[in-house]
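Student: I'd like to go through this structure with you and ask how each label is earned. Could we start with the empty spaces inside it?

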Amino acid sequence: MNELLRPIAEALGPDARLHAVGGAVRDRLLGRQGGDWDLATALMPDEVLRRAKAAGLRAIPTGLQHGTVTLLSGEHGFEVTTFRGDEGYSDGRRPDSVRLGVGLEEDLARRDFTINALALPVEAVAAPDWRDRIVDPFGGLTDLAAKRIRAVGDPEARFREDGLRPFRACRFASQLGFRLDEATRDAIPRCLDVAAKVAAERVQVELTKLLCGVDSATGLQLLADTGLLDLWTPELRPMIGCGQDARHRYPVWEHSLAVVAAAPADPGLRWAALLHDVGKPGTRSVSEDGEVHFQGHEGHSLALAEAILRRLKVGRAHLEDVLALVRHHGNHPDEAWSPAACRRFLRRLDEDGLDLERWGAFRLADQLGKGFGDEPYRSAHDGLMARLRGIRDARPPLRTADLALQGRALMDLAGRPGGPWLGRLQKHLLEAVLEDPGLNTEAGLRQIAQGWLEGLEGGA
């Protein structure tokens, strides 16, 4: 038995019929690193609390109305829920009422997909034959073997119980690399009215997990094919079928899916990959010679990306990270850039709080997503990054805080108190040292500042 589960099992006793249920069982079968172990028991919640207290375990009544108690073993918390049946989902999210004290099979019947409707007796967790001890009343093991996501029972009924489940179906397809059972997929468009009721925060969590999956393209295409895409991100729909110029093998939608897949599985990078070209359809034009143009798409993409992310109520740090990546995705330094131009580029990244390596990872994904293979992009990218790293590692002054003369010294030099003039002078000095970092000495900056101040006084 898992050593963290042992104190709980011993406290509740053998008549508790304690089982691990859901995702932890599924992930163990798949050899994936599982998350939390959710536990189900035949005991009523008050009895769980009583036995845990008697055994000296800390117990938290986190959801007694739904039969759930959280028990702490060491530093880990385990949700223990009484076997239950759910009745009515008038809000498309939570059951109107629950029936406690049902059998294990009825408890599993309320779950979303067969691969999540699996249970494993806790005493069998560490047993050599644990796979043979799994309780599987709905064919979840067969579906796992077939890499299939299938709803428990009637898929439309399952989706109408909880509007988040259609999003979860697409998310699991992405995370696991599975396909949706045909009946399960076909039921989603019939339940969009319920899916539209889901809180933005819950949708955002599912979409982020989908984007970071091993087969994100499949998950995103499912969103598009079933209509889920339009509920929270309708701005993405015009990307589908929007053709590009000869520098891209794919239309905008397929290009974006390829960039998502090529980017590291990081939420900020993956969201930026999805949204970086969302403004292209609205700026598309074709010249008389047949050339396709997207004049100003970077700014339009930035505005649409911000609108989408705010609608989904992402956190501030995540929002700023994604927007910084989208803002700079059109920057393409090359070997023709002077060292000063590279330093100014690094300054712009720094002003946006964007790390060079993060920008580089996103830029490479964008290049690879054009659809022409790794070459010639990867070798050119590696050379560019080596050059930019060399310039960065020389620690050039990128901020006014890096100047050898700070505000007080400049005010003393000018013989005047601070004011708007000081900021303009500091900006002037920073531009000078970006052009030539060797000027960033007290003597060098003093000379530049005196010349600027003389010009200021002459114009006063």
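Student: What classes do the residues lining the largest cavity divide into?

Tutor: This is a predicted model, and in it the lining of the largest cavity has twelve nonpolar residues, one polar and no charged. The lining has 13 residues, and Leu207, Leu223, Leu229, Thr233 and Leu236 lie nearest the centre. Leu counts as nonpolar, whereas Thr falls in the polar class because it is on neither the nonpolar nor the charged list.

Student: Which elements give two or more residues to that lining?

Tutor: They are helix 10 (200–211), helix 11 (216–226), helix 12 (229–232) and helix 14 (267–275). Helix 10 gives the most, with three residues.

Student: What makes a space a cavity and not a pocket?

Tutor: A 1.4 Å probe fits in a cavity but cannot get out, whereas a pocket is an open set of points. The search of the whole structure finds two cavities of 30 Å³ or more. The largest has a volume of about 90 Å³, and the second largest has about 30 Å³.

Student: Which residues line the second largest cavity?

Tutor: His328, His329, Asn331, Trp359, Phe362, Arg363 and Asp366 line that cavity. By class they divide into two nonpolar, three polar and two charged. Arg363 and Asp366 are in this lining, and both count as charged because Arg and Asp are on the charged list.

Student: Now the open spaces. How much space lies in the largest pocket?

Tutor: The largest pocket holds about 1,500 Å³. It is lined by 40 residues, with Asp38, Glu79, Arg110, Arg111 and Arg168 closest to the centre. The lining has 20 charged residues, eleven polar and nine nonpolar. Helix 7 (165–176) is among the elements that give two or more residues, and the largest share, five residues, comes from helix 7.

Student: And which residues lie nearest the centre of the second largest pocket?

Tutor: Those are Arg247, His248, His297, Glu298 and His332, out of 19 lining residues. About 420 Å³ of space lies in this pocket. Its lining divides into two nonpolar, nine polar and eight charged residues. Strand 12 (292–294), helix 16 (297–311) and helix 19 (356–368) each supply at least two of them.

Student: Let's turn to burial. Why is Arg158 called buried?

Tutor: Buried means under 20% relative accessible area. Arg158 has 13%, so Arg158 is buried. This residue sits in helix 6 (residues 155–161). Leaving out residues up to four places away in sequence, Arg158 touches Arg111, Asp112, Ala151, Val152, Gly153 and Arg165.

Student: How do you know that Cys342 is buried and Cys212 is partly exposed?

Tutor: Cys342 has 1% relative accessibility, so it counts as buried. Cys212 has a relative accessible area of 23%, which makes it partly exposed, because that class runs from the 20% limit for buried up to the 50% limit for exposed.

Student: Why does Cys212 not form a disulfide?

Tutor: The closest cysteine sulfur, in Cys170, is 16 Å from the sulfur of Cys212, too far for a bond. A disulfide needs the sulfur atoms within 2.5 Å. The structure as a whole holds zero disulfides.

Student: How do you know that the length of helix 18 agrees with what is expected?

Tutor: Helix 18 (residues 339–351) has 13 residues, which at 1.5 Å a residue should span 18 Å, and its end C-alpha atoms are 18 Å apart, so the two agree. Its buried residues are Ala340, Cys342, Arg343, Phe345, Leu346, Arg347 and Leu349. The cover over them includes helix 19, helix 20 (377–393) and helix 22 (420–435). Just after helix 18, Gly353 takes a positive phi of about 70 degrees.

Student: Which class of exposure does Lys313 belong to?

Tutor: Lys313 has 49% relative accessibility, so it counts as partly exposed; exposed would need over 50%. Lys313 is in the loop between helix 16 and helix 17 (316–327), and its phi is near 55 degrees, a positive value in a residue other than glycine. Lys147 also is not a glycine and has a positive phi of about 55 degrees. Its loop lies between helix 5 (140–145) and strand 9 (148–149).

Terms used. Residues are numbered from 1 along each chain as its sequence is written. This is a predicted model: local features need pLDDT of at least 70, side-chain atom pairs count only at pLDDT 80 or more; totals for chains, interfaces and linings use all residues. Side-chain values use heavy atoms; hydrogens and water are left out. On a 1 Å grid over the protein atoms alone, a cavity is a set of points where a 1.4 Å probe fits but cannot get out, and a pocket is an open set with protein on both sides within 12 Å along at least five of seven lines; lining residues have an atom within 4 Å of a point. Grid points are joined across faces, edges and corners, and a volume is the space filled by probe spheres set on the points. Helices (H or I, at least four residues) and strands (E, at least two) are DSSP runs, numbered from the N terminus. The expected span of a helix is 1.5 Å times one less than its number of residues. Buried means under 20% relative accessible area, exposed over 50%, partly exposed in between (1.4 Å probe, protein chains only). Contact means heavy atoms within 4.5 Å.
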